[in-house]
Amino acid sequence: MLVRLTSEDGKRAALLDMLNTYTDGLAEEPGTEMFMVSLDPEDPNIVWLFEIFTDEDAENAHRASGGFALLMEQMPPLLDGPPAVLRMEPLRLSMQDAVLTEDWAF
């Protein structure tokens, strides 16, 4: 799933803080295999989420989690419109071995 969040002007930092707090609690969602938060390089108000779930049951568990409920309660005042959601079913992934073996500094 790819999700575009457009923050209100000046509220992207608050949105990112909220998403970081949510991400820290993803251990309660074992079926959420990947949750990536990315900044849009061309628009300072857009945040992209890339999410991969084990299966449809895991995606439903994600939506039923307490952390997600809190996120859905607190996020709307920070957004300039509803999230744009693009559902996908990953077909293939190619990854360099170094991605799994090297230490990455951000």
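Helices H1 and H3 run roughly antiparallel to each other, because the angle at which they pack is about 170 degrees, and anything over 145 counts as roughly antiparallel. H1 covers residues 12–24 and H3 covers residues 66–74, and their axes sit 10 Å apart. This picture comes from a predicted model.

Who does the touching? From H1, the contact uses Met-18, Leu-19 and Tyr-22. H3 answers with Gly-67, Phe-68, Leu-71 and Gln-74. Sorted by character, the residues of this contact come out as 5 nonpolar and 2 polar, with no charged ones in the mix.

Tyr-22 of H1 turns up again when it comes to aromatic rings. Searching the whole structure gives just 1 aromatic pair. A pair like this is described by how far apart the ring centres are and by the angle between the planes. Here the partners are Tyr-22 and Phe-35, with ring centres 5.3 Å apart and planes at 65 degrees, so the pair counts as edge-to-face. Phe-35 belongs to strand E2 (residues 32–39) while Tyr-22 belongs to helix H1, so the pair ties together parts that are 13 residues apart in sequence. As for buried or exposed, both Tyr-22 and Phe-35 are buried.

How far does the predictor trust its own work? The average pLDDT for the chain is 91, and 97% of the residues score at least 70. Confidence peaks in strand E1 (residues 2–6), at a mean of 97, and is lowest in helix H4 (residues 97–101), where the mean is 77.

Conventions:
Residues are numbered from 1 along each chain as its sequence is written. This is a predicted model: local features need pLDDT of at least 70, side-chain atom pairs count only at pLDDT 80 or more; totals for chains, interfaces and linings use all residues. Side-chain values use heavy atoms; hydrogens and water are left out. Axes are lines fitted to C-alpha atoms, for helices over the stretch in contact, and angles run from 0 to 180 degrees between N-to-C directions. Helices (H or I, at least four residues) and strands (E, at least two) are DSSP runs, numbered from the N terminus. Angles under 35 degrees count as roughly parallel, over 145 as roughly antiparallel, 65 to 115 as roughly perpendicular and the rest as oblique. Contact means heavy atoms within 4.5 Å. Ala, Val, Leu, Ile, Met, Phe, Trp, Tyr, Cys and Pro count as nonpolar, Asp, Glu, Lys and Arg as charged, and the others, Gly among them, as polar. Rings of Phe, Tyr and Trp (its six-membered ring) pair if their centres lie within 6.5 Å; planes under 30 degrees apart count as stacked, over 60 as edge-to-face and the rest as tilted. Buried means under 20% relative accessible area, exposed over 50%, partly exposed in between (1.4 Å probe, protein chains only). pLDDT is the predictor's confidence in each residue, from 0 to 100.
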